[in-house]
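Here is a friendly walk through a few places worth a look. Keep the viewer open as you read.

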Amino acid sequence: MTAANTLKSKAESLKSDSLSNEPADNSLTPVLSDTSKEGCDVASTQIEWQRFDDGTYSSNSYINRELSLLQFHLRVLAQAKDPRHPLLERLFFLIIFSSNMDEFFEIRVAGIMQKLNHGDVSSTPHGMRPSEVLQQISAITHQAIAEQYRILNEDILPELAKQDIRYLKRDELNAEQSAWMKQYFTDQVMPVLTPISIDPAHPFPRLVNKSLNFMVSLEGKDAFGRDINLAVVPAPRSLPRVIRLPDELTGGKEHHVMLSAVIHEHVNELFPGMTVTGCHQFRLTRNADLNLADDVEDIAKALEGELENRRFGDKVRLEVTTNCPKEISDYLLEEFELHANQLYQVNGPVNLTRLLFDFNIPALRYEPFTHIVPKAFRRESFEKDKSNSMFAAMRRGDVLVHHPFHSFSPVINLLWQAANDPKVLAIKQTLYRSGTNSEIVQALAEAARNGKEVTAVIELRARFDEASNIAVANFLQEAGVVVVYGIVGYKTHAKLMLIVRREEGQMRRYVHLGTGNYHAGNAKAYTDYGLFTSDPDISEDVHKIFQELTGMGKPANLKKLLHAPFTLHDKLLSFIDDEIAQAKAGKKAHIIIKVNALTERQLIDKLYDASQAGVKIELILRSMCCLRPQVAGLSDNITVRSVIGRFLEHTRVYYFYNGGKERLYCGSADWMDRNLFHRVEVAFPIEDKKHFKTVYQLGLINYLKDNVQAWTLSGDGQWHRCEPKEGEEAHVAQDKLLAHINNVSLTSD
């Protein structure tokens, strides 16, 4: 029995309660209305909770992980209606929300359905049954997606039309434009369309995940005399979904038609001699998670097989347009074995992620800025010490970069210098998300061709980048790079680069560590830290970690780095314990954590303990948070905020006051079970006083001051957008970073 069948039968046995549109008593209200509040303070929440003798807390002390992630997606959606963002950026936020929701259904909802398939029993700290989670997800997502299309139709599209940017409907085309569209259909579309009739000889086709399709109803007989009344027309993925009309038909204006409109208008030409009585677009979402056993012999071959299965996983969602007749949507639900609550009727294209078009209108986008190169790596600095070497700059001291405000070019330049430097003997690097066109990959290949010993630890299981990473692995192997796929059962998520250079008869190591991927595109959109260092202890630690990844043996004994799955979790717990001890002694105790997500129960429990001991705890979390802050008696001293803005917040920073001997680490790991126990992760200390101050002031305190793009979490699981208090200056953390780094580039390093 499929997961969809099981869900359907369980829903019937529960009289549809588990998938009802009605929210449960403890449901989370989506952030769709104006929830802004003056200031960022959150009132204490009264929630009944309990601490057991073993030190654990009752299930109502935690927020459900999936519902918390869904709240993040709603905060992204809220950006689409925020007039403080340029118009095309608001459209982009709307598209990001669509993409996020696709993955949410493909991975999160599909995973919950699988749990339901194995029994409607909670196995998580929050104590909710899978059916209860699905119930709340259904209520929230139906409302959120309706709001998404309202924003599109009532806010975004009318504002775009004022700028003469239009997505024209079929009945809005003039005679010349209609004639052009007909010719476009004949020349470009019809040759690649394959209509599939539905009859005893042609069962319902197996449709690819998230593909655009049309259900066509017909009257009459086909060429063989058969009475065919239904057909499916898949839209080829090779065709663009947005088609710009020629300048001569629009006066050079940005006028477009959707592929769905082109097909709909001329679908009758696919069925000569028959009458088309209806044409309705739909899209099916499937389970896209990969199920890879830990005992596979060849991970690359196993992944290639799983990637094919991803296209045809279990069904989890059906999208149709609002004008689709009930008999058609009911037919599709029955065919896909889906419950009525897995149907989403949308007032527009069923896939807004394909709505994006490269509009070259700077006035409607964010103002561009220059990605600064740190002074230590600029040409004038090299000329000053008669050296054109980044290695010389790294010997002078650590260099810290903060992307995207700093350029990603130093990372690439370091690799190219290493690839062509006769003194460089070896290069080792981890790759989590990349591509064969990446300069990082090209430089590694060049280094191997130049006779360097090059090792690349490639994580093939980076979600939705698996196929790309397999291609990268094959490309590098052909160039002579030693490619290692890491450790089966543990994703290699650490961001490490090690270069070994012979200098005056001695071996010297140079290292780059980061919080983000070696991906130039991501570095322009994600906030991340990178550290360039030749510190002997850190370099030796990185060397040992690469030995772990490529060889065998016991966990390395590291001097400065913390690494998962071995020491990171225990060290974090001990750092919190140290703050608890300080607080109990009546001394200052302070923790600031900035990560993407906080879901790991032991760390949450320890933070609760710390709060009750009097430790001040400030959490800056981009997406998921299972901890309930500001709950009376439980977490009075904990605040949680999230910053959603122009750039995707991705830095991971851990700060502990430590009795005045402050600890500050940057790392690749979020505070999640998967990062701390099932991935290879690295956290590195920021020891240089200047860099310490920079990360602390600009990477933490700056974000705690944000009163425009920040949201604060209350103990009931609700997020509230901050607004400057009366008379208070607006503070946008990302804007402050842009201004600061540009100012520094004009003065000193």
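A word on burial comes first: a residue counts as buried under 20% relative accessible area, as exposed over 50%, and as partly exposed in between. Lys210 has a relative accessible area of 25%, so it is partly exposed. Please keep in mind that this is a predicted model.

**Backbone features**

Lys210 sits in the loop between E3 and strand E4 (212–219). Although it is not a glycine, its phi is positive, at about 65 degrees. Asn658 is another non-glycine residue with a positive phi, near 55 degrees. Look for Asn658 in the loop between strand E24 (653–656) and strand E25 (663–667). With a relative accessible area of 17%, Asn658 is buried.

Two cis peptide bonds also deserve a glance, and both involve a proline.

| Cis peptide bond | Omega |
|---|---|
| His403 and Pro404 | about 0 degrees |
| Ala564 and Pro565 | about 10 degrees |

Pro404 belongs to the loop between strand E11 (399–403) and helix H12 (409–420). Pro565 lies in the loop that runs between strand E19 (562–564) and H17.

**A helix pair**

From Pro565 you can move on to helix H17 (residues 568–584). How do the axes of H17 and helix H18 (residues 601–613) cross? They come within 9 Å and cross at roughly 10 degrees. With that angle, H17 is roughly parallel to H18. On the H17 side, the contact is made by His569, Leu572, Leu573, Ile576, Asp577, Ile580, Ala583 and Lys584. H18 contributes Gln602, Leu603, Lys606, Leu607, Asp609, Ala610 and Ala613. By kind, the residues of this contact divide into nine nonpolar, two polar and four charged.

**A six-stranded sheet**

Strand E3, met above beside the loop of Lys210, is also part of an open sheet of six strands. Their order is E3-E5-E4-E8-E9-E10, and the pairing is mixed. Strand E3 (196–197) and strand E10 (343–346) are the edge strands, each pairing on one side only. Helix H4 (residues 130–162) packs on the sheet and touches E9 and E10. The direction of H4 makes about 15 degrees with that of E10.

Within the sheet, strand E8 (residues 275–286) and strand E9 (residues 315–321) pair in the antiparallel sense over five bridges. Thr285 has Arg317 in E9 as its bridge partner.

**A mostly covered helix**

How many of the eight residues of helix H7 (residues 259–266) are buried? Six of them are, so the helix is mostly covered. The buried residues are Leu259, Ser260, Ala261, Val262, Ile263 and His266. Among the elements that cover them are the sheet strands E4 and E8, along with helix H5 (175–189), strand E6 (242–244) and strand E7 (254–258).

**A histidine in a loop**

The last stop is His731, in the loop between strand E28 (719–723) and helix H21 (733–746). Is His731 buried or exposed? Its relative accessibility is 15%, so His731 counts as buried. The side chain of His731 makes a polar contact of 2.7 Å with that of Asn702. Leaving aside neighbours within four places in sequence, the residues in contact with His731 are Asn702, Lys705, Asp706, Asn707, Val708 and Lys736.

Notes. Residues numbered from 1 in each chain as written. Predicted model: local features only at pLDDT ≥ 70, side-chain atom pairs only at ≥ 80, totals over all residues. Heavy atoms only, no water. Pairing = 2+ DSSP bridges. Helix = DSSP H or I, 4+ residues; strand = E, 2+ residues; numbered from the N terminus. Contact = heavy atoms within 4.5 Å. Axes fitted to C-alpha atoms, helices over the stretch in contact; angles between N-to-C directions. Buried < 20%, exposed > 50% of the residue type's maximum accessible area, 1.4 Å probe, protein only. Polar contact = N/O pair within 3.5 Å; in protein donor to acceptor, adjacent residues only side chain to side chain. Parallel < 35°, antiparallel > 145°, perpendicular 65-115°, else oblique. Nonpolar A, V, L, I, M, F, W, Y, C, P; charged D, E, K, R; others polar.
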